[in-house]
Amino acid sequence: MTVTIAAMGQLFVEGWAPEYGSPFETDDALADPEKVDETVEVDGPWAPLPGVDDGVGVVAFVDGVRRIDARVTLDDPQGPTFGICGSYGVGAVVWDRAGGRSDYRDLRVERLAVFGNGQGAPIPDSSGIIYRSESVPDSDPGALIKRFHGAMRKAEAALSEGLAQSGLFVVADGPINDLSATEKVGYIKSHRAPYLSPQQAPVIGRVRAGQRTPLFVIGRGGQYERYSWYQRLADLPGGHSWTGVVRCEVSSALPTATAVSIANRTAALLPLVGSAPHIDPRAPQNLVPIAALERELRRMLGDPAFVYRALRSAVAGAGVEA
Amino acid sequence: MTSKDSDNGVGRVLGTEHTSTREFRVVLDDAEYLQLDDLVVVRTQVPQQGEVRTYGIVTEVAAVYEGANFESDTHRIAVDGTLPGAKVRSAEIAITRVDPELWVSPDPGEQVERARNGEREKALYVDEMGRPLPIGLGRDGDPVFVDLDFFDGRKGGHMSISGISGVATKTSFALFFLRLLTARPDVLGEGAANLRILVFNVKGEDLLWLDKHNRYFDSVAAEGWAALGVEPEPFPSVSFWAPPRPQSGDVVVPDTGGRQEGVAAFTWSPREFVDDGLLRFLFTDATDSRNQIPFIEERVRSQLQRYAVDVAGRPGAIVLRDPIEGHGPGASVVPNPGERVITDLRTLVEGIEEFVDPEDGEPDQRWTGRVQAGTVSAFARRLHSAAHRLGHLVQAGETRRIDRRAAQVTVVAIQSLHDLGQRFVVGALLAETFAEKEQTGQRLPLSVIVLDELNKYAPREGNSPLKEMLIDIAQRGRSLGVLLVGAQQTASRVASEVMENAAIRVAGRLDAAEAERSEYGWMLPSTRARARLLKPGTMVVSQPALPVPLVVEFPFPPWATRKEEVDTTSSDPFEGL
């Protein structure tokens, strides 16, 4: 049987390498149109707004990487309990715009073992590789990974908050977790949810590099209320209307005027650190400092084969099977 | 990146590449540097054996941005500053020595120190040299040594110097070496007594001023000589010899342009020519050996020795008489009326012609053997040509032989002679020197011969009595104390036996194609690349005591190398008058 699909629009091949998934994966379930307020900055029809470089001197980019090092099994008379051993690293790249150089700051690697069923066992350390043990009540492998991922996100949030409180302007990879009133921008590369109403959404296609949409509020009245906006990093030849578009967010605890000036600054600033398509398969969204940071953090996680072997030899005979 | 255990620390052994017993790399501390030819030492703790020190020499240095994956990342790090990255500098080290001799590689991460003082000497094996003689200055300004045992014949002999004419400063280096040799009897030891040096001046008149101060000698050069531990003075004991001017009549005047005073003219008398068998050195062209000429030459040479009789009242002159007439050795006779008296090369050639190619009658087979008439003619033709080109080198009269005992250094100026004449003089003097030493069979006193354009005298292709003589010196001279300092533009054009026997090899600037030849296999690849760029006054020196060649510089000479350089203020203007 042949299915004929009616042509609804123009077809594009995504610029990102296929293994990263598409930057434009909408998940309608995440969006709740009831809680989006599109009138916080511009009440009426939207038009692209220009970014404004206010000359901010130092920018900190925060990110984290994680890796599952091994799956472990805790053998018990009641039956086996499964767990994972993983490593994550978080850190920052501090860009001194006046000095024209970037440096890594506060790079840190943590190793965490998560067991299910409320069980747990200490992982013997070896070769200086030390795992902290935690436990979740669930036995679902997804729950183990969620806990592990959550630990990394918490570490990222703590670092972002610390840097922002020390007076730096922070751009953190991913949604913001800590909604305190500091100058930190969450930077979202993938578009999993359509937030804007059909009336305002087309303006995204008209936003050029260095411009942004007006602010809107997500989760109005909820626990995670944030200001958000879309901006374009680069006008790539042959791109579709959303190519090079990212979404940013700041805490709604900030006054609206502050949020506007941060949005203006971010719209002007981020195109300067966007990556080039021939260099980074996730260009331009994968920012140059963040790509470097991820590379450095991965390096610090250690050679996976080496870590795996060290773990195996450490738990050998300890009643834990890796 | 600066965690130093000692003041001499410059970096750490690189850990991302394998170290080996041949080479390793150093990642430099931010505040330190290494340049080519610097010497370093690494201490490694070897299980069960304790500390092993690895010494090495810098063969290349490098710098790169760590964190840059793409070429354009250079801008992101250096200008925009959006990419974190850092400059990393490193140096490649060729290992010269492991002490104690336990051939293990240095450990990664170990501190690398600059080798100074005693450590520097160990890196250069100076502590193991029987008699270390300075042979130049390293880039650090300290002397670099050569083990004289490998020059004066104890363990090896001879020196070979290669390089492009003009910029390679081959002759300058040879003289520099000789000056050190003569100025350091404390190092040379027993060989210093009666050391004799024979130098041929083959181009210009560069070597005719070795005894004169150089007016351009400055304080920088003086520092260099001071570092070498040698008083910067011209050669103290030199005698200069030049052939007589052709057609100068009865007055024998040395054939030199810029300098006459202190230069003696040399000639051989017909008697000396015959006794020394110098006839063979008239046939030194490599093509001469392809026909029967050597055969007839050998026969004529021995017949001359049988037939020659001194002429009473005419020193050095001879007549040719059949030995049947019964004149004993040392006899002198009064020539018969009309008898040919041989007083120079022309009359000698005519005398020989009477036997081998008479105008009327058959050739005397006792002189020619059974060779073809054409060969005899070729032989006679060459004799005439020789008489024309170097006839003035053979003259009867009181002896004017070059006296190599007159001074420590004997300079023989042959630049004015035709090629044939140059080869004749070189052959005659080498044969004389070698024969003397062969008779005594002793290594001492040492006799050093400096010969430029060795490819002319001992070419790789063909045969000649001169080439055989040089090969003989190269192979046996070491044990007889006859040491050859040979120089050539291209080592690949010199007889391989001569090159192979040189224990000490030196190169100045080399032609790019020449540097790739196997004759320079003693160089490291990095040294070869550099040899194309060496400045005048910089040489690469290889010696058996060291597994890697060293780059040395030698200071400006205190002696003049041109007339204009002669310092007239410090010497007596009436000298020689």
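The exercises below, each with a worked solution, concern a predicted model.

**Exercise 1. Helix α5(A)**

Compare the expected span of helix α5 of chain A with the distance between its end C-alpha atoms, and determine how its buried residues are arranged.

Solution. Helix α5(A) covers residues 304-315, which makes twelve residues. At 1.5 Å a residue these should span 16 Å. The end C-alpha atoms are 17 Å apart, which agrees with the expected span. Next, list the buried residues of the helix: A:V307, A:L311 and A:V315. Viewed down the helix axis, the buried residues fall within an arc of 50 degrees, so they line one face of α5(A). On the other side of the helix, A:A305 and A:F306 are exposed. As background, residues three or four places apart in an α-helix point the same way, because there are 3.6 residues a turn.

**Exercise 2. A loop residue of chain A**

Is A:P77 buried or exposed?

Solution. First place the residue: A:P77 belongs to the loop between β2 (58-74) and β3 of chain A. Then count its neighbours: 4 other C-beta atoms lie within 10 Å. The cut-off for an exposed residue is 12 or fewer. A:P77 is therefore exposed. For a distance along the chain, take A:Q231, which is 154 residues away in sequence; the two C-alpha atoms are separated by 57 Å.

**Exercise 3. A sheet in chain B**

Give the strand order of the open sheet that contains β13(B), and identify its edge strands.

Solution. The sheet has three strands in the order β14-β13-β15, and the pairing is mixed. The edge strands, each pairing on one side only, are β14 (314-320) and β15 (332-333) of chain B. Strand β13(B), residues 308-311, runs antiparallel to β14(B), and four bridges join the two. In one pairing between residues, B:V309 has B:V319 of β14(B) as its bridge partner.

**Exercise 4. The contact between the chains**

Which elements of chain A give two or more residues to the side that touches chain B?

Solution. The contact takes 15 residues from chain A and nine from chain B. The elements sought are β3 (81-96), β4 (101-115) and α4 (288-301) of chain A. Of these, β4(A) gives the most, with four residues. By type, the chain A side divides into nine nonpolar, three polar and three charged residues. For the complex, the predictor gives an ipTM of 0.72 and a pTM of 0.76.

**Exercise 5. Confidence in chain B**

Where in chain B is the pLDDT below 50?

Solution. Begin with the average, which is 88 for chain B, with 96% of the residues scoring at least 70. The stretch below 50 is residues 573-577 of chain B. Beyond near neighbours in sequence, this stretch has three contacts in the model. Predicted coordinates should not be read in detail where pLDDT is low.

Methods. Residues are numbered from 1 along each chain as its sequence is written. Chains are lettered from A and ligands numbered from 1 in the order in which they are written. This is a predicted model: local features need pLDDT of at least 70, side-chain atom pairs count only at pLDDT 80 or more; totals for chains, interfaces and linings use all residues. The expected span of a helix is 1.5 Å times one less than its number of residues. A residue is buried if 20 or more other C-beta atoms lie within 10 Å of its own, exposed if 12 or fewer, and partly exposed in between; C-beta atoms are placed from the backbone. The arc is that of the directions from the helix axis to the C-beta atoms. Two strands pair if DSSP finds at least two bridges between them. Two residues are in contact if their C-beta atoms, placed from the backbone, lie within 7 Å. Ala, Val, Leu, Ile, Met, Phe, Trp, Tyr, Cys and Pro count as nonpolar, Asp, Glu, Lys and Arg as charged, and the others, Gly among them, as polar. pLDDT is the predictor's confidence in each residue, from 0 to 100.
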